[in-house]
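Work through the exercises below with the sequence and the coordinates open beside you, attempting each task before reading its solution.

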Amino acid sequence: MTTIGIIGFGSIARDLIDILCAQDPPPEALVIMVRPEKTGETLAAAQEQVAGRCAVHVVSDTTGLFAARPDVIAECASHTAVAQFGPAILRAQIDLVVASIGALADPQTEAALKAAAEGGSAQLVLPAGAIGGIDMLAAARLSGLTGVTYTGRKPPRAWSGTPAEQAVDLPALTEATVFFEGSAREAATQYPKNANVAATLAIAGLGMDETRVRLVADPGVDTNTHEFSVQSQAVDFAVTLTAKASPRNPKTSASTAYSVARAVLNRSAGIVI
């Protein structure tokens, strides 16, 4: 794999760049797409980050992105970016790895991406992100699922800037507090930067409307904890993952960027796990 495209230059994108540049060998080039007003500062910051380990190009639209002929593109920006750019990327016959999986909670976005992938003979790749056990969940779905429940537990500061601030007084919490209960579709829509895990579980399992979600603000923890349980005709199991927060963004689990990197690197690997 010689050229990797990246949409966005936030915490996940920057963590991803660190991981890719640590590979032996690193990619020959990265092409990063950001908003036009961000191109100059992004180029300077990205060149400093890669420290000469690979070439860096910064573009502001898909025309520039496609001109760089990336082998694969990783979206690390937002639900909006997935909806806005995803179909064109797939129609251009380029595989797209999506970090903002919650974008598929919108039925129109999901349908547009599916049609574009089929029309362009490309793949929309949904990495596990901050969660694990997705392989067994997807396998159990073939046997018949009867229940999937997810609980996301993070420190109060990780929920700042979200609707949780209207549900509870985050700074004043002294004990774990459930501030949201609902479907994966509702969680992914209302908490687009915090509940992509719920969307991932839903797509692998019972679907957006049947997967149950609880979101918890817990002043007693300083990590992001993801818990889910599965009941099926083949196997019942529960998974708990305690993810360290990204140093660049407490709302994001550090493992998310590693999962995206694995999906990107798998596109050119001879043996894939």
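**Exercise 1: the surroundings of one threonine**

The backbone oxygen of glutamate 175 lies 3.0 Å from a polar atom of the side chain of threonine 177, where a polar contact is a pair of N or O atoms within 3.5 Å, one able to donate a hydrogen and the other to accept it within protein, and where residues adjacent in sequence count only if both atoms are side-chain atoms. The model is a predicted one, in which local features need pLDDT of at least 70 and side-chain atom pairs count only at pLDDT 80 or more, while totals for chains, interfaces and linings use all residues. Residues are numbered from 1 along each chain as its sequence is written, and side-chain values use heavy atoms, with hydrogens and water left out.

Task: determine in which strand threonine 177 has its place, and which residues it contacts once neighbours within four places in sequence are left aside.

Solution. Start with the assignment: threonine 177 belongs to strand β8, strands being DSSP runs of E with at least two residues and helices runs of H or I with at least four, both numbered from the N terminus. Then list the contacts, meaning heavy atoms within 4.5 Å: beyond those sequence neighbours, threonine 177 touches Val168, Leu215, Val216 and Ala217.

**Exercise 2: the mixed sheet**

Task: establish the strand order of the open sheet of 5 strands and identify its edge strands.

Solution. The order reads β8-β9-β7-β10-β11, with mixed pairing, two strands being paired if DSSP finds at least two bridges between them. At the edges, pairing on one side only, are β8 (177–183) and β11 (237–243). Inspecting one pair, strand β7 (residues 145–154) and strand β9 (residues 212–217) run parallel and are joined by 6 bridges, and threonine 151 of this region stands opposite arginine 214 in β9.

**Exercise 3: a helix on the sheet and its partner**

Task: describe how α9 lies relative to the strands and how helix α6 packs with helix α9.

Solution. First, α9 lies across β7, β9 and β10 (224–232), running at about 170° to β7; angles run from 0 to 180 degrees between N-to-C directions, and axes are lines fitted to C-alpha atoms, for helices over the stretch in contact. Next, helix α6 (residues 134–143) and helix α9 (residues 196–204) pack at an angle of about 35°, their axes being 8 Å apart. Finally, α6 contributes Ile134, Leu137, Ala138 and Arg141 to the contact, while α9 contributes Thr200, Leu201, Ile203 and Ala204.
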